[in-house]
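The exercises below go with the structure shown next. Try each task before reading its solution.

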Amino acid sequence: MKLKYGEYLWHNEKFIKWNDAHIHVMSHVVHYGSSVFEGIRAYDTNQGPAIYRLKDHIRRLKDSAKIYRMDVPWNVEDLCQACVDTINKNQMGACYIRPVIFRGFGTFGVDPTPNPIETYIIIWEWGKYLGPEALENGVDVCFSSWNRMSPNTFPAMAKTGANYMNSQLIKMEAINNGYVEGIALDANGFISEGSGENIFVVRGNKILTPPISASILPGITRDTVIHILEDLGYEVAETPLPREIVYISDEVFFTGTAAEVTPIRSIDKTPVGTGKRGPVTKKVQDEFFAIFSGKRKVPEDWLRYLHKRM
Ligand code: PMP
């Protein structure tokens with residue numbers, strides 16, 4: 001797949017060209033996984049292109065950095081503005097935005113602190129993460145034989161490169177076995193999340209989703225969807241979920257910046273509900289995409305316009 005990327009990257013406050021964006025093989029991140037990052041989308045809206053929940057993503061980025069004692073010299077607004085500037089510099093609209101902060105090359109050894117902090121913002125055009133038909137038809141998934149990280153090992157609330165070694169095990173196993181994605185359990189055997197998505201379960205009027213304590217990344221789409229469901233009058237509970245609940249639920253869906261709101265049509269070859277996208281999932285999708293068509297009102301800072309159409 002050819003990536004349509006932004007020619008200019010933001011690096012420590014300066015723009016550099018895509019072909020000049022190299023790091024040294026002795027960079028700390030290469031050997032010890034010391035990076036934190038974000039995945040953000042800019043959408044075309046009825047008022048021009050806008051970045052979705054930029055401030056919340058950048059806040060999570062700064063939080064991830066704080067957990068790993070990375071001193072980032074820019075505040076939330078500086079980094080938000082840098083994302084806007086990067087898109088404008090590349091004259092792009094709807095795109096995927098990847099800020100990444102890592103420990104670069106200084107010296108060698110596990111102690112990360114002697115190494116410089118490098119901050120990059122990279123953008124590219126990205127379609128539907130789980131395939132073009134996934135949003136309508138749903139995806140076939142499995143439970144993973146891999147668990148998410150145990151508490152007090154790799155902090156799940158930090159979005160770090162190293163955590164995605166676990167995600168890679170989940171994803172590769174799923175794909176090798178003919179599935180699109182895997183769902184991992186937490187260390188206690190309760191449902192956690194997909195390799196890059198949070199999960200919701202629909203049972204009648206009740207909607208369930210694993211709590212923060214289930215080693216999940218606190219997803220920004222998860223938060224949006226909780227708002228949407230509550231507005232629609234559903235009761236949402238963040239509660240530990242046993243594996244078997246998904247086999248006997250009406251609907252199950254994934255949420256994430258990349259996956260947006262994706263129905264799950266089967267789990268371990270067992271159809272979920274009718275085996276088709278269910279009505280609650282459809283309603284949530286409609287409300288989610290209504291944010292960008294302007295039909296759904298959202299807090300002002302959820303849409304950061306690049307250049308507003310009057
Ligand atoms: N869990 C994991 C492991 C993820 O990688 C992602 C994607 N960032 C999510 C959940 C969903 O988070 P968000 O809605 O903020 O993209």
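Helices are DSSP runs of H or I with at least four residues, numbered from the N terminus. The model is a predicted one.

**Exercise 1. A residue in a helix**

Task: State where Val-76 is found, and decide whether Val-76 is buried, partly exposed or exposed.

Solution.
- Step 1. Val-76 is found in helix H3.
- Step 2. Buried means under 20% relative accessible area and exposed means over 50%, with partly exposed in between.
- Step 3. The relative accessibility of Val-76 is 23%, so Val-76 counts as partly exposed.
- Step 4. For its surroundings, take Lys-62: this residue and Val-76 are 14 residues apart in sequence and 7.3 Å apart in space, C-alpha to C-alpha.

**Exercise 2. Two helices**

Task: Describe how helix H2 and helix H3 pack.

Solution.
- Step 1. Two packed helices are described by the angle between their axes and the distance between the axes.
- Step 2. Helix H2 covers residues 54–67 and helix H3 covers residues 76–89. Their axes are 9 Å apart, and the angle is about 125°.
- Step 3. Angles of 65 to 115 degrees count as roughly perpendicular and angles over 145 as roughly antiparallel. H2 and H3 are therefore oblique to each other.
- Step 4. The crossing in which H2 passes H3 is right-handed.

**Exercise 3. A strand residue**

Task: Is Ile-183 buried or exposed? Give also the separation of Ile-183 and Leu-54.

Solution.
- Step 1. Ile-183 lies in strand E10, which holds residues 181–185.
- Step 2. The relative accessibility of Ile-183 is 0%, so Ile-183 counts as buried.
- Step 3. Ile-183 and Leu-54 are 129 residues apart along the chain, and 27 Å separates their C-alpha atoms.

**Exercise 4. Positive phi values**

Task: For Asn-152 and Ser-215, give phi and the place in the chain.

Solution.
- Step 1. Most residues other than glycine have a negative phi.
- Step 2. Asn-152 is not a glycine, yet has a positive phi of about 65°. Asn-152 sits in the loop between strand E9 (139–147) and helix H5 (163–176).
- Step 3. With a relative accessible area of 82%, Asn-152 is exposed.
- Step 4. Ser-215, also a residue other than glycine, has a positive phi near 55°. The loop between E13 and H6 contains Ser-215.
- Step 5. Ser-215 has a relative accessible area of 7%, and is therefore buried.

**Exercise 5. A nonpolar patch**

Task: Which residues make the nonpolar surface patch of about 440 Å², and how is Ile-212 placed?

Solution.
- Step 1. The patch is made by Ile-67, Tyr-68, Phe-154, Met-157 and Ile-212.
- Step 2. Ile-212 belongs to the loop between strand E13 (206–209) and helix H6 (220–231).
- Step 3. The relative accessible area of Ile-212 is 33%, so Ile-212 is partly exposed.

**Exercise 6. Salt bridges**

Task: How many salt bridges does a search of the whole structure find? Examine the pairs Arg-41 and Glu-260, Arg-59 and Asp-56, and Arg-148 and Glu-193.

Solution.
- Step 1. Side chains of opposite charge can pair when their charged atoms come close. The cut-off used is 4 Å between a side-chain nitrogen of Lys or Arg and a carboxyl oxygen of Asp or Glu. The search finds 16 salt bridges.
- Step 2. Arg-41 and Glu-260 form a salt bridge with an N to O distance of 3.8 Å. This pair links distant parts of the chain, as Arg-41 is in strand E5 (residues 40–45) and Glu-260 in strand E16 (residues 260–267), 219 residues apart. Arg-41 is buried at 7% relative accessible area, and Glu-260 is buried at 1%.
- Step 3. Arg-59 and Asp-56 meet at 3.6 Å, N to O. Both lie in helix H2, 3 residues apart, about one turn of the helix. Arg-59, at 38% relative accessibility, counts as partly exposed, whereas Asp-56, at 19%, counts as buried.
- Step 4. Arg-148 and Glu-193 meet at 2.9 Å, N to O. Arg-148 lies in the loop between E9 and H5 and Glu-193 in strand E11 (residues 191–194), so this pair ties together parts 45 residues apart in sequence. Arg-148 is buried, with 7% relative accessible area, and Glu-193 counts as buried at 3% relative accessibility.
- Step 5. Finally, Arg-53, Asp-56, Arg-59 and Asp-223 are joined into one network by salt bridges that share partners.

Definitions and conventions: Residues numbered from 1 in each chain as written. Predicted model: local features only at pLDDT ≥ 70, side-chain atom pairs only at ≥ 80, totals over all residues. Heavy atoms only, no water. Patch = residues over 30% accessible without salt bridge, like charges linked within 9 Å, V, L, I, M, F, W, Y side chains within 5 Å. Areas by Shrake-Rupley, 256 points an atom, 1.4 Å probe, with all protein chains shown as cover. Buried < 20%, exposed > 50% of the residue type's maximum accessible area, 1.4 Å probe, protein only. Axes fitted to C-alpha atoms, helices over the stretch in contact; angles between N-to-C directions. Parallel < 35°, antiparallel > 145°, perpendicular 65-115°, else oblique. Left-handed = near helix turned anticlockwise from the far one by under 90°.
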